[in-house]
Amino acid sequence: MGTSRLEVFKFGVYVFFPVAVMLYFGHQQFYDKYLDGVSFYPPAENCNVPANNKKDLQEQLAQLRAERLAKKRASHANESEEN
């Protein structure tokens with residue numbers, strides 16, 4: 001075991017290191033310098049828009065079913081070509 005001075009130093013490191021890291025990375029200047037212009041969310045036009053009424057919902061379901069059927073047919077076509 002170390003002396004009491006060593007224990008006090010270790011305690012200070014354990015307590016103040018996370019605080020210093022939080023202050024450095026949480027400061028607005030850090031974000032302005034390193035993260036300015038970084039987009040965390042995709043543009044609104046690329047996002048999925050849920051249906052608001054029954055007609056729109058049925059259209060979206062029909063579109064999803066058609067896409068799924070096209071993928072299934074393409075995979076079956078690839079499997080038959082390989083054999």
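The following paragraphs lead through the structure, from its overall division to its helices, its aromatic cluster and several individual residues.

The model is predicted. Its mean pLDDT over the chain is 88, and 96% of the residues reach a score of at least 70. Among the elements of the chain, helix H1, which covers residues 4–26, has the highest mean pLDDT, at 94, whereas H2 has the lowest, at 88. The chain is divided into domain 1, comprising residues 1–38, and domain 2, comprising residues 51–82. Between the C-alpha centres of domain 1 and domain 2 the distance is 52 Å.

Helix H1 is a suitable place to begin. Leu 6 is found in this helix, and its relative accessibility of 39% makes Leu 6 partly exposed. Leu 6 also belongs to a nonpolar patch on the surface, whose members include Phe 9, Phe 11, Val 13 and Tyr 14. Further along, the patch takes in Val 15, Phe 16, Phe 17 and Val 21, among others. Together, the residues of the patch have about 1300 Å² of accessible area. H1 supplies the largest share of the nonpolar patch, namely 11 residues. Tyr 34, also a member of the patch, lies in helix H2.

Helix H1 also contains a polar contact. The structure holds one salt bridge, and it is formed by Lys 10 and Glu 7, whose closest N and O atoms are 3.7 Å apart. This distance satisfies the criterion because a salt bridge requires the nitrogen and the carboxyl oxygen to lie within 4 Å. Both Lys 10 and Glu 7 are located in helix H1, with a spacing of three residues, about one turn of the helix. Lys 10 has a relative accessibility of 31% and therefore counts as partly exposed. Glu 7 is likewise assigned to the partly exposed class, on the basis of a relative accessible area of 34%.

The aromatic residues connect the description of H1 to that of H2. Tyr 24, Phe 25, Phe 30, Tyr 31 and Tyr 34 form one aromatic cluster. Rings are paired if their centres lie within 6.5 Å. By this rule the count is five aromatic pairs. In one of them, the ring centres of Phe 25 and Phe 30 are 4.9 Å apart and the planes stand at 85 degrees, so this pair is edge-to-face. The reason is that planes over 60 degrees apart count as edge-to-face. The two partners fall into separate accessibility classes: Phe 25 is partly exposed at 41%, whereas Phe 30 is buried, with a relative accessible area of 17%. The assignment of Phe 30 follows because buried means under 20% relative accessible area.

Phe 30 also pairs with Tyr 34: their ring centres are 5.0 Å apart and their planes are at 45 degrees, so the arrangement is tilted. An angle of this kind is neither under 30 degrees, as stacked requires, nor over 60, as edge-to-face requires. Phe 30 and Tyr 34 both lie in helix H2, which spans residues 28–34, and they are four residues apart, about one turn of the helix. Tyr 34 is partly exposed, with a relative accessibility of 44%. Tyr 34 thus belongs both to the aromatic cluster and to the nonpolar patch.

Beyond H2, the path continues through a loop to H3. Ala 51 is placed in the loop between H2 and H3, and its relative accessibility of 27% classes Ala 51 as partly exposed. Ala 51 and Leu 61 are 10 residues apart in sequence, and their C-alpha atoms are 9.9 Å apart in space. Leu 61 lies in helix H3, which spans residues 54–82, and is partly exposed at 36% relative accessibility. Leu 61 and Lys 71 are also 10 residues apart in sequence, with a C-alpha to C-alpha distance of 15 Å.

Helix H3 also contains Arg 68. With a relative accessible area of 55%, Arg 68 is exposed, because exposed means over 50%. Arg 68 and Leu 23 are 45 residues apart in sequence, and their C-alpha atoms are 49 Å apart in space.

Note on methods. Residues numbered from 1 in each chain as written. Predicted model: local features only at pLDDT ≥ 70, side-chain atom pairs only at ≥ 80, totals over all residues. Heavy atoms only, no water. Phe/Tyr/Trp six-rings, centres within 6.5 Å; stacked < 30°, edge-to-face > 60°. Buried < 20%, exposed > 50% of the residue type's maximum accessible area, 1.4 Å probe, protein only. Helix = DSSP H or I, 4+ residues; strand = E, 2+ residues; numbered from the N terminus. Domains from an automatic or database assignment. pLDDT = per-residue confidence, 0-100. Salt bridge = Lys/Arg side-chain N within 4 Å of Asp/Glu carboxyl O. Patch = residues over 30% accessible without salt bridge, like charges linked within 9 Å, V, L, I, M, F, W, Y side chains within 5 Å. Areas by Shrake-Rupley, 256 points an atom, 1.4 Å probe, with all protein chains shown as cover.
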